[in-house]
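This report introduces a protein model to a reader who has not seen it before. Please look through the sequence and the structure before turning to the sections that follow.

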Amino acid sequence: MYIHVGEDILVRSKDIIAILDKESVNSSKYIEEFLECQNDSVVNLSKGSFKSVVITSKKVYFSPLASGTLKRRTKQSVTHDY
């Protein structure tokens, strides 16, 4: 199943490693270091400030959608897979 993470981007739910909210990203030095190392694979989907970060096996997306919204979408996709 695919999850809409912002703009016209769909990500396979099984490729999602983590969904982080903005506060977690801004308060953790480790996450900031990780994102700096992944600079080439970061895709900013928000026109203003981002609300969440979606980490996949190949890319990191800065999403304009809240982490709670994305989490609900992943749970809905799991129930539809059966």
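## Terms for strand pairing

Two strands are said to pair if DSSP finds at least two bridges between them. Strands are DSSP runs of E with at least two residues, and their numbers start from the N terminus. The model described here is a predicted one.

## The hairpin of β1 and β2

Strand β1 covers residues 2–6 and strand β2 covers residues 9–12. The two strands run antiparallel, joined by four bridges. One residue of this pairing is His4, whose bridge partner in β2 is Leu10.

Two residues lie between the strands of this hairpin. Glu7 is located in the loop between β1 and β2. The phi angle of Glu7 is near 50 degrees, which is a positive value in a residue other than glycine. Glu7 has a relative accessible area of 40% and is therefore partly exposed, since that class lies between the limits of 20% for buried and 50% for exposed.

## Overall fold

The protein contains three helices and six strands. Along the sequence, these elements follow the pattern β-β-β-α-α-β-β-β-α. The radius of gyration of the protein is 12 Å, close to the 12 Å that the globule rule gives for 82 residues, so the protein is as compact as a globular protein of that length.

Taken along the principal axes, the box filled by the C-alpha atoms is roughly 40 × 20 × 20 Å. Contacts between residues at least 6 apart in sequence include a share of 51% that join residues at least 24 apart.

## Burial, surface and charge

Of the 82 residues in the protein, 33% count as buried. The accessible surface of the protein comes to about 5600 Å², and carbon and sulfur atoms account for 51% of that area.

The protein carries 12 positive and 10 negative charges. The mean positions of these two sets of charges are 7 Å apart.

## The loop between β4 and β5

A further loop connects β4, residues 42–44, with β5, residues 52–56, and Ser49 is found in it. The relative accessibility of Ser49 is 52%, so Ser49 counts as exposed, the cut-off for that class being over 50%.

Ser49 can also be placed relative to Lys71. These two residues, Ser49 and Lys71, are 22 residues apart in sequence, and their C-alpha atoms are 19 Å apart in space.

How values were computed. Residues numbered from 1 in each chain as written. Predicted model: local features only at pLDDT ≥ 70, side-chain atom pairs only at ≥ 80, totals over all residues. Heavy atoms only, no water. Rg over C-alpha atoms; globule rule 2.2 N^0.38 Å. Buried < 20%, exposed > 50% of the residue type's maximum accessible area, 1.4 Å probe, protein only. Contact = heavy atoms within 4.5 Å. Areas by Shrake-Rupley, 256 points an atom, 1.4 Å probe, with all protein chains shown as cover. Lys, Arg positive; Asp, Glu negative; His and termini not counted. Charge placed at Lys NZ, Arg CZ, Asp CG, Glu CD.
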